[in-house]
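Okay, thanks everyone, I'll keep this short. Let me put the thing up on the screen and then walk you through a few spots.

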Amino acid sequence: MKNLWLRAIQRVENSYLARMGLSLPLAAIAVVVAADLVGGRDHFIAPGMVAAPALASVTVSWQRTVLVCVLGAAAQGALAPYDGVVDIGPAGQSVVIGQVFAYCFVSIFSVYIAWRRETGAKAFTAITSVAEAAQHALMRPPASRVGPVRLAVRYVSAATDAQIGGDLYAVLDTPFGVRVLVGDVRGKGLGAVQTAAVVLGAFREAAFDEAALDDVAARVDTSLGRQIGDGDFVTALFAQFGEPAGVELLHYGHVAPLRVSRDGEVDTLEPAEPWVPLGLAELVPGKPKPWRVPLLPGDVLVLCTDGVVEARGGPDGGFYPLAARIGPLVAGCADDLDAAVDRVYEDLLAHAGGSLSDDVVLLFLAP
């Protein structure tokens, strides 16, 4: 709820107040002047001019805030003879001095706020640019088609205003077919991002070297084991589109993929033998076995992270029922996956009340 209020306030400031620029504080000056003139000499409304510098501090730069402060002071000075301020006695002079002091204090503070806001905005823009560059370096956004596979992806970090997190994905066109990885790092923050970078780097190397999908996963698991501490792990799902009319899947403790047919029928593709996440392989003997799933024309393979299926909302605060709701949202959309992923993400947000508490990856693929 707190995040919703903060985002609403930011939306109002960015979408409305900032666009009004000088018009809002100048309108405030005009309203105060008009009200003072209409009210007559018996109604001293000019002190309301303090609203103009305050409004300027959230709508314009600090230099323009100074201009508004000067204009407000000039307007009050021009109103002084009409309001009889110049004719008051010693008792009233203390009121005028208090008014001048209050206006000067508000003006100085408003200029400071405008300067801090402008400086913070520049710093945030610089940080956002770095985050965007890091995201593109870490998870290069794939084209709408990789090899023979059409795809659409939606990646959202739950961190406020961040663009990278602990969820990861990659789609590569290799000599062995189109290979896909979707994963979720245990934990959050910079450590999770570093772990994601290790997994993606290892996958991009192994995917072009190893002929078998399970050997690709084993390489990734070995590289990850050298980098992470005890108890850390990464859930992952590997996929390979090679032979026609099907996809090979390999499960490492991740959310099961879904297959949505052209008419909206949904199948949950559970592995015959679920396996432990990457980084925990030494705890169990053996290794996971890939399994093959047929894909008919018009079918869509849906991969996601647990930020999707564990998003809480609705009247009972339950988890998002992806398998129950995705059918009509994706049916018949194999040729327009971008629209399908947008609809599912909007439905997810609506279920969660407009705010997500975990990173999210939604990846739709159609051969």
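I'll go through the sheet, then some aromatic rings, then one serine.

One thing up front: this is a predicted model, so please listen with that in mind.

Right, the sheet. We've got five strands in an open sheet, and the order is 3-4-5-6-9, with antiparallel pairing. Why do strand 3 and strand 9 each have one side without a neighbour in the sheet? Well, strand 3, that's 167-174, and strand 9, 291-294, stand at the edges, so each has just a single partner strand. Going from one strand to the next, the twist averages 20°.

Let me zoom in on one pairing. Strand 4, residues 177-185, and strand 5, residues 234-241, run antiparallel to each other, and eight bridges join them. If you want a handle on the register, take arginine 179: its bridge partner in strand 5 is glutamine 240. As a general reminder, strands in a sheet pair through backbone hydrogen bonds, parallel or antiparallel.

Now, what lies across these strands? Helix 7, residues 213-227, lies across strand 4, strand 5 and strand 6, and its angle to strand 6 (246-252) is about 30°.

On to the rings. How many aromatic pairs does the structure hold? Five. Take phenylalanine 203 and phenylalanine 238: the ring centres are 6.0 Å apart and the planes sit at 50°, so we call that pair tilted. It links distant parts of the chain, too, with phenylalanine 203 in helix 6 (residues 189-209) and phenylalanine 238 in strand 5, 35 residues apart.

Buried or exposed, those two? Phenylalanine 203 has a relative accessible area of 0%, so it's buried, and phenylalanine 238 is also at 0% and counts as buried.

Phenylalanine 238 has another pair, with tyrosine 252, and this one is edge-to-face: 5.8 Å centre to centre, with 70° between the planes. Tyrosine 252 is in strand 6 and phenylalanine 238 in strand 5, so the pair ties together parts 14 residues apart in sequence. Tyrosine 252 is buried as well. Put it together and you have one aromatic cluster made of Phe203, Phe238 and Tyr252.

Last stop, serine 107, which lies in helix 5, residues 90-138. Its relative accessible area is 8%, and the cut-off for buried is under 20%, so serine 107 is buried. What does serine 107 touch, leaving aside neighbours within four places in sequence? Pro53 and Cys69.

That's my tour, happy to take questions.

Notes
Residues numbered from 1 in each chain as written. Predicted model: local features only at pLDDT ≥ 70, side-chain atom pairs only at ≥ 80, totals over all residues. Heavy atoms only, no water. Pairing = 2+ DSSP bridges. Helix = DSSP H or I, 4+ residues; strand = E, 2+ residues; numbered from the N terminus. Axes fitted to C-alpha atoms, helices over the stretch in contact; angles between N-to-C directions. Contact = heavy atoms within 4.5 Å. Phe/Tyr/Trp six-rings, centres within 6.5 Å; stacked < 30°, edge-to-face > 60°. Buried < 20%, exposed > 50% of the residue type's maximum accessible area, 1.4 Å probe, protein only.
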